[in-house]
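Colleague: Could you take a close look at one helix pair in this model and set it against the chain as a whole? Please give the cut-offs with the terms.

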Amino acid sequence: MKSIIMKQDRTNGWFNGFLGVLIFSGSLPATKLAVMDFDPVFLTVARASIAGLLALVILLALKEKRPKLEQIASLVIVSIGVVVGFPLLTALALQHITSAHSIVFLGLLPLATAIFGVWRGGERPRPAFWVFSVIGSVLVMGFAFTQDATTSLTGDLLMLASVIVCGLGYAEGAKVSRELGGWQVICWALLISLPIMLILTLVYMPDSFSNVSMPAWISLGYVSLFSMLIGFIFWYRGLVQGGIAAVGQLQLLQPFLGLALAAGLLGEPVSFLMVIVTVGVVFCVFGSRRFAR
């Protein structure tokens, strides 16, 4: 009976994790649309403020207990990684590169998440797991270094930094979610950063919004509601149920989903090489999933 329950939890973990990845896959195309009309810093603090206010309403409405003192440090790390760090770094990167190019870097997220999962979450995947994870990462970086002269080193480095802080935020959030719960973690992390985000929103608010297009407003709404809040509810739940390293490999699907959105919504060119690399990276999820535990 215990083995059946554990298998069901892992299945639920993969399902919730996939829903989180599906929601996150629209983040970079939406951010690309938003930074066409919004300053990257304003976009970062505004989306965090909107999501933080929603989180405050949820916590008050459900009368959720405050986190313990020893959990605050983990929530601060989550806030720095996924509330501030990843959104800001990707917004800055997308001023230099296309969303299609940036999406391929997300193939590094499973490896980053797994590394921090071992360090912060105490997980121990089998050696073969790391082989598949590294292969996927090498494919991604190989692609980045074979691009033409229009590729921006600044944009690539910013994306690499965003992947590192995001992987830390994912693993740390999953670790503390075992005690607090998935939606509680992201809500408290948003709330911790809310006072600073609200002040910075006022500081960086443009003098006029008259030139902001409807797609930019819709994109701001998406990254605030879905990318900053709803997606994490499913994602952290999935990481807890199925394991940080194992379910984290579902992020290998994100480049494939994101490239489709970038091509369909933004009309950005998706080269044959991009598709080949993405397919290769996605293939690695099946191998790494088998040896995650």
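Modeller: The secondary structure of the chain comes to 13 helices and 0 strands, where helices (H or I, at least four residues) and strands (E, at least two) are DSSP runs numbered from the N terminus. This is a predicted model, in which local features need pLDDT of at least 70 and side-chain atom pairs count only at pLDDT 80 or more, while totals for chains, interfaces and linings use all residues. Residues are numbered from 1 along each chain as its sequence is written, and side-chain values use heavy atoms, with hydrogens and water left out.

Two packed helices are described by the angle between their axes and the distance between the axes. For helix α4 (residues 69-93) and helix α8 (residues 153-180), the axes, which are lines fitted to C-alpha atoms over the stretch in contact, come within 8 Å and cross at roughly 155 degrees, on a scale from 0 to 180 degrees between N-to-C directions. Because angles over 145 degrees count as roughly antiparallel, α4 is roughly antiparallel to α8. The contact of α4 with α8 has 17 nonpolar, 9 polar and 2 charged residues by class (Ala, Val, Leu, Ile, Met, Phe, Trp, Tyr, Cys and Pro are nonpolar, Asp, Glu, Lys and Arg charged, and the others, Gly among them, polar).

Turning to the chain, 52% of its 293 residues count as buried, that is, under 20% relative accessible area with a 1.4 Å probe and protein chains only. C166 counts as buried because its relative accessibility is 1%, and C187 because its value is 0%.

Note on methods:
Buried < 20%, exposed > 50% of the residue type's maximum accessible area, 1.4 Å probe, protein only. Parallel < 35°, antiparallel > 145°, perpendicular 65-115°, else oblique.
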